[in-house]
Amino acid sequence: MPTTPESTDSANALPRPVAAAAAAAPAQPRRENLLLNIICNIAVPSLILMKFSSERWLGPVWGLVIALAFPAGYGLWDFARRRQANFISIIGFASVLLTGGFGLLKLDGFWFAVKEAAVPSVIGLFVLLSARTKRPLVKTIIYNDQVLDTARVDTALAERGRQRDFENLLARSSRALAGTFLVSAILNFGLARYLLKSPPGTEAFNAELGRMNIWSWPIIVLPSMVMLMFVLWKLIGGIQRLTGLEQEQIFRGGKK
């Protein structure tokens, strides 16, 4: 008896077309544990720097080294677990190492402020430069298949012949995204200059680093997230106009 497309290998098996599609679909990468991220990158390092860097406990040098070991270790563990690395995560890891190096060299707080401003500045610069390449960073940061159904969007763009308009939309989004990193750089520099007053290599300086780590969330991270969401909202609106898709269809897992 000939096999039909709806036939199955067993009563509980998937239809062969569905099974083939499932086999061909790329496995979704593991999601990052946000709570663990905050604990290892913010909570524990700040606690060590502010409370355990005295001579009674770890001392300023070992307090700094152990505090920075948590974000560095978390970054390596997360890469080994999810097998994902990108330009931004590499820059972040380098920033942790620079902080440790500056601390051990007992450089003035001004250089910490320069470093804090340099990290988002470098990312913003590469966002702009990459906009002229085949792999713009804006696709890694906001237009990626973990958030959006990029395959559906690309198909709709091809059907309507709007690929060139979409590239222009991505270029505008890249400029806006670079602007958010510029604002972040200015805020980073200002926060570091305001908080880092004590001589490097002292318990007081480590405590100031810990406070800067904590205050970076309400003063820098949250505003940056708001600006990032605005850029994403503008990008989604542009995609809707170009593709005719509804907003629910653009996001991964949305309605078909």
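Biologist: Before we get to any pocket, which residues count as nonpolar, which as charged and which as polar?

Modeller: Ala, Val, Leu, Ile, Met, Phe, Trp, Tyr, Cys and Pro count as nonpolar, while Asp, Glu, Lys and Arg count as charged, and the others, Gly among them, count as polar. Please keep in mind that what we are looking at is a predicted model.

Biologist: Okay, so how do the residues lining the second largest pocket divide?

Modeller: In the lining of the second largest pocket there are six nonpolar residues, together with four polar and three charged ones.

Biologist: How much space lies in that pocket, and which residues are closest to its centre?

Modeller: The second largest pocket holds about 200 Å³ of space, and of the 13 residues that line it, Leu169, Val231, Trp233, Lys234 and Leu235 are the closest to the centre.

Biologist: Which helices supply at least two residues of that lining each?

Modeller: Those are helix H8, which covers 163-195, and helix H9, which covers 203-243, with H9 giving the largest share of the lining, namely eight residues.

Biologist: Switching topic, how many helices and strands does the whole chain have?

Modeller: The protein chain has 10 helices and zero strands, and the pattern read along the sequence is accordingly α-α-α-α-α-α-α-α-α-α.

Biologist: And what share of the residues is buried?

Modeller: Of the 256 residues in the protein chain, 37% count as buried, while the area that the chain exposes comes to about 15400 Å², with carbon and sulfur atoms supplying 64% of it.

Biologist: What about contacts along the sequence?

Modeller: Taking contacts in the protein chain between residues at least 6 apart in sequence, 70% of them join residues at least 24 apart.

How values were computed:
Residues numbered from 1 in each chain as written. Predicted model: local features only at pLDDT ≥ 70, side-chain atom pairs only at ≥ 80, totals over all residues. Heavy atoms only, no water. Helix = DSSP H or I, 4+ residues; strand = E, 2+ residues; numbered from the N terminus. Buried < 20%, exposed > 50% of the residue type's maximum accessible area, 1.4 Å probe, protein only. Contact = heavy atoms within 4.5 Å. Areas by Shrake-Rupley, 256 points an atom, 1.4 Å probe, with all protein chains shown as cover. 1 Å grid on protein atoms, 1.4 Å probe; cavity = no way out; pocket = protein on both sides within 12 Å on 5 of 7 lines; lining within 4 Å. Points joined across faces, edges and corners; volume = space filled by probe spheres on them.
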